[in-house]
Amino acid sequence: MSKPYGITVSRHIMDSQRLHPEATGDLSGLLSELIVAAKTINAEVNMAGLADVLGMAGKTNIQGEHVQKLDDLANNTIKRRMARCGYVCVMTSEEEADIIPVAEGSAGKYTLAFDPLDGSSNIDVNVSIGTIFSIHRRISANDLTPQGDEADLLQKGREQVAAGYIIYGSSTMMVFTTGEGVHGFTLDPSVGEFYLSHPDIRIPERSRYFSVNEGNYNFWDNGVQRFVDYLKENDKETGRPYSARYIGSLVADFHRNLIAGGIFLYPRDNRNPAKPHGKLRLLYEAAPLAFLVEQAGGRAITDEGMNIMDIEPTSLHQRVPLVIGSRHEVDLYEEFVAGTR
Ligand code: P6P
């Protein structure tokens, strides 16, 4: 389909809204504002090699990680735009220790949790990175206190209204769900528009790829070790050995598995006592990707087999072990961690 007739992401959002006569248009508005922020970040990421935005910003975030300049820029771009859009009542970001209030008089009915630039350690080596977002409906009374609070953010993944990511890679794509399937849009930089390029994405039921940082192998629980050992054994009948694919950028690894099939694991390990629950965060990494993968026909569980979407969050930046991807491989993993294999 040529450009003039391509379905833009804005048209897709409005078409979806038309299917819900009760809709006020606030979610459409929120997503549209996020898209503007994504285009702004994309412009900076694409110029990173040329402009002075590479390297460290000279500080560390709540996670104790060095903040890259682009991290800061992406965080501020989303925070400042969404604080004034009128659709959000409170936010949380990987880059901010506390909740982020919205501008006076701008509180709306949704909450926003986001990782402004995931995979930032890959920025300087030109590997794909991404923005991840998760949207819930506010649950706190909003008559007297227009601003939302932490309780509005600490909701189960199952309660998400929308979730998605923007991947800044060989092309820039936006992939998201509002609970009616997963749809991918590719940015045409010459027009500045996202066009529908991947309608109704379905993750392959089974795959040949596994994605994990095997450098942590000796620090994993035995069930995880046995599962990865199994994937690497030579057995043609069961399609083994699987192929290893690991970029070290969650959005890039997840996106490849969503399109081509695969299982991604970031299990807990006893390598870093400060991170007993693995490295990835629940609210703005595991839960939004879990919503996406379930909508695309896949599964997302913890390394002990609990559904990510059913976890009751207890803190903004809590970490959770993550096993996510093609249904067959996640089911297989469960057998190892349950000890039935
Ligand atoms: P490791 C990037 O820093 C990140 O948070 C995710 O994007 C990625 O999946 C993970 O960490 C990689 O971690 O320990 O394998 O380098």
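Begin with the contacts of the whole chain: among those between residues at least 6 apart in sequence, 63% join residues at least 24 apart. The model on display is predicted. With the full chain still selected, colour by secondary structure; eight helices and 15 strands make up the assignment. The radius of gyration of the chain is 20 Å, close to the 20 Å that the globule rule gives for 341 residues, so the chain is as compact as a globular protein of that length. Rotate the view to follow the C-alpha trace, which spans about 60 × 50 × 45 Å along its principal axes. Of the 341 residues, 54% are buried. If a surface is then displayed, its accessible area comes to about 14,500 Å², and carbon and sulfur atoms account for 50% of that.

**The eight-stranded sheet**

Select next the open sheet of eight strands, whose order is 4-3-5-6-7-8-9-10 and whose pairing is mixed. Its edges are strand 4 (100-101) and strand 10 (193-198), each of which pairs on one side only. Zoom in on strand 3 (residues 88-93), which runs antiparallel to strand 4 and is joined to strand 4 by two bridges. Label Val-90 here; its bridge partner in strand 4 is Pro-101.

Now add helix 6 (residues 250-260). Which strands does helix 6 lie across? They are strand 5 (110-118), strand 6 (129-137), strand 7 (162-168), strand 8 (172-177), strand 9 (182-188) and strand 10. The helix runs at about 105 degrees to strand 7.

**The five-stranded sheet**

Move on to the open sheet of five strands, ordered 12-11-13-15-14, again with mixed pairing. Strand 12 (243-244) and strand 14 (299-301) stand at its edges with a single partner strand each, so one side of each has no neighbour in the sheet. Select strand 11 (residues 209-211) together with strand 12: the two run parallel and are joined by two bridges. Within this pair, Tyr-209 is found opposite Ser-243 of strand 12.

Helix 8 (residues 327-337) packs on this sheet and touches strand 13 (263-266), strand 14 and strand 15 (322-325). Its direction makes about 30 degrees with that of strand 14.

**The annotated region**

Finally, select residues 203-336, where an unreviewed UniProt entry places the feature "domain: Fructose-1-6-bisphosphatase class 1 C-terminal". Over this stretch the chain is 34% helix and 12% strand. Mark the C-alpha atoms at the two ends of residues 203-336, which are 22 Å apart.

Conventions: Residues are numbered from 1 along each chain as its sequence is written. This is a predicted model: local features need pLDDT of at least 70, side-chain atom pairs count only at pLDDT 80 or more; totals for chains, interfaces and linings use all residues. Side-chain values use heavy atoms; hydrogens and water are left out. Two strands pair if DSSP finds at least two bridges between them. Helices (H or I, at least four residues) and strands (E, at least two) are DSSP runs, numbered from the N terminus. Contact means heavy atoms within 4.5 Å. Axes are lines fitted to C-alpha atoms, for helices over the stretch in contact, and angles run from 0 to 180 degrees between N-to-C directions. UniProt positions are given in the numbering used here, feature names are shortened, and annotations may be inferred rather than shown by experiment. The radius of gyration is taken over C-alpha atoms; the globule rule is 2.2 Å times the number of residues to the power 0.38. Buried means under 20% relative accessible area, exposed over 50%, partly exposed in between (1.4 Å probe, protein chains only). Accessible areas come from the Shrake-Rupley method with a 1.4 Å probe; for residues, only the protein chains shown count as cover.
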